[in-house]
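Got a model open and not sure where to look? Let's walk through how to read it, one feature at a time.

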Amino acid sequence: MEKHITLPLTEELARSLKAGDTVYLTGTIYTSRDAGHKRMCEALARGEALPFDPQDAVIYYVGPAPAKPGQVIGSAGPTTAGRMDAYAPTMMSVGARGMIGKGARLPEVVEAMKKYSGVYFGAIGGAGALLAKCIKSAELIAFEDLGAEALRKLYVEDMPLFVIIDSEGNNLYETGRADYLAQK
Amino acid sequence: MREISVNLITDVVERLCIEANTHLPGDVQCALESCRACEDGSIAQGVLDKIIENYNIADRENVPICQDTGMACVFLEIGQDVHFVGGDLREAVDEGVRRGYTNGYLRKSVVGDPVRRGNTGDNTPAMLYTEIVPGENVKITVGPKGFGSENMSAIRMFKPSAGLQGIKDFIIETVENAGPNPCPPMVVGVGIGGTFDKAALLAKKAIMRPLDVPNPDPFYADLEKEMLEKVNALGIGPQGFGGKTTAIGLNIETLPTHIAGMPCAININCHVTRHKTEVL
């Protein structure tokens, strides 16, 4: 099903999304990958606040290319989500239930998604030039020293995504392939 | 003997870094378009449409096709009658990478130490491969290599008794393990023979070979075709969402090897398989 959604990703909205849905997402999202997640989870362990309000937030696993003069941001496609598996349950536990990336997730991430009504969206890996066009503003909010891995606040409009794993644990990687092989 | 200034090497490497990252090679575009024409699932078609739209945007606007502009793999085939003047060749190549990644607004993705990390800030050093060949030309190829796919690569030291079937099973196993992670449709580079290290280099060279140029040995050309069909029968499909197109190409490179062994390396690349060559 094709759906246009606007953030925040409330529990109700999250639960309405199903694996295999095509989604056009509009709203504010936050970028983070390996090093940023490590810092955020260490901050939470120390009882400190995150650089943004995680409640109903969506995190985009991306390290964008630098912006050329006149660009909002450089090419910005998803990175492999599995590297954030160690941190994702902690991020969901404080409310950040949306993740945008590509590639397989561990069972413990899927379990956390069921527990916290999480949604794992896939953006097309390698389509960084196209995805950058949906990003209307970008603001660096923390970890500037991490360069491409710094924490950025983005406003996106109609970002084309697929629901890969939904809040019930249904997984497009499993069903999409099985459906194809069954039809063959 | 021909003298070549290393400054010229810097200029060419800079230009190739930028061009390789912004303009997808024609053979890769062709392969993606013909796979799009064959897909019948709506999700697979939609993904391939967006992939094609993406490289057209990059081409038109001179922006990186993918934000992972990779480690700069630089291959130099140096004619034995060439004498480099004006400085250090290695430093000249790194300077070309430094300028290309800075002036081209490409992402700097290299850490200075594999364990202690720390971004070098300019995407240096290049992964430099040199080969001495007859003549007085220098052939420079820059192939930026992203790590979403590099991480799904594998190498195995087979006993000769494993035979061709062992190689075939290893290719399927590696693509199966890679699944959706390397941004399929992927390009599969297979290196068979040589030593442990040479097999890996062959696999990397295999992904640099145009997809419309088969192995010159008919035995391996047939094997490339057969294994591409088998890989595509897995049904992983574009982005792993299911479909006919798991890989758009599978190239095999080989070398003689030892009586006791049969090394095999598989280098996985994504649909943004980039390389650009210039001959001086």
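Below, a learner and a teacher talk through the folding of chain B and its contacts with chain A.

Q: Before anything else, what kind of model is this?

A: It's a predicted model, so keep that in mind throughout.

Q: How many helices and strands are there in chain B?

A: Chain B has eight helices and ten strands. Along its principal axes, the C-alpha trace spans about 55 × 50 × 40 Å.

Q: What radius of gyration does chain B have, set against a compact globule?

A: The idea is to compare the chain with what its length would predict. For 280 residues, a compact globule would come out near 19 Å, and chain B has 19 Å, so the two agree. As for burial, 48% of the 280 residues of chain B count as buried. Look at the contacts too: among those in chain B with a separation of 6 or more, 81% are between residues 24 or more positions apart.

Q: How do I read a sheet, and which strands stand at its edges?

A: Strands of a sheet pair through backbone hydrogen bonds, parallel or antiparallel. In chain B, one open sheet has four strands in the order β4-β2-β5-β10, with mixed pairing. The edges are β4 (127-133) and β10 (276-279); each has a single partner strand, so one side of each is left without a neighbour in the sheet. Zoom in on β2 (residues 71-79) of chain B: seven bridges join it to β4(B), and the two run parallel. You'll find B:Glu77 opposite B:Glu131 in β4(B).

Q: What is the strand order in the other four-stranded open sheet, the one with β6 of chain B?

A: That order is β6-β9-β7-β8 in chain B, and the pairing is again mixed. Here β6 and β8 stand at the edges, each with a single partner strand, so one side of each lacks a neighbour in the sheet. On average, neighbouring strands of this sheet are turned by 15° against each other, direction ignored. Between β7(B) and β9(B) there are six bridges, and those strands run antiparallel. In β9(B), B:Cys264 is the bridge partner of B:Ile192.

Q: Which strands does helix α7(B) lie across?

A: α7(B) lies across β6, β7, β8 and β9 of chain B, at about 145° to β7(B). Buried residues of this helix (residues 196-208) include B:Ala199, B:Leu202, B:Ala203 and B:Ile207. The strands that the buried residues of α7(B) pack against include β2 and β5 of chain B.

Q: Why does B:Ala247 count as buried?

A: You count neighbours. B:Ala247 has 28 C-beta neighbours inside 10 Å, so it counts as buried, since the cut-off is 20 or more. B:Ala247 sits in strand β8 (residues 247-257) of chain B. Beyond its neighbours within four places in sequence, its contacts include B:Val175, B:Val188 and B:Leu228.

Q: Where do I look for the largest nonpolar core?

A: In soluble globular proteins, nonpolar side chains tend to be buried together. Here the largest nonpolar core has 101 residues, and those with the most contacts inside it include A:Phe121, A:Ile164, B:Val188 and B:Val190. Strand β7 (residues 151-165) of chain A gives the largest share, nine residues.

Q: How many residues of chain B are in contact with chain A?

A: 37 residues of chain B are in contact with 36 of chain A. Helix α3 (residues 42-61) of chain B gives the most to its side, with nine residues. By class, that side has 17 nonpolar, 16 polar and four charged residues.

Methods
Residues numbered from 1 in each chain as written. Chains lettered and ligands numbered in written order. Predicted model: local features only at pLDDT ≥ 70, side-chain atom pairs only at ≥ 80, totals over all residues. Contact = placed C-beta atoms within 7 Å. Nonpolar A, V, L, I, M, F, W, Y, C, P; charged D, E, K, R; others polar. Rg over C-alpha atoms; globule rule 2.2 N^0.38 Å. Buried ≥ 20, exposed ≤ 12 C-beta atoms within 10 Å, placed from the backbone. Pairing = 2+ DSSP bridges. Core = buried A, V, L, I, M, F, W, Y, C linked by C-beta atoms within 7 Å. Axes fitted to C-alpha atoms, helices over the stretch in contact; angles between N-to-C directions.
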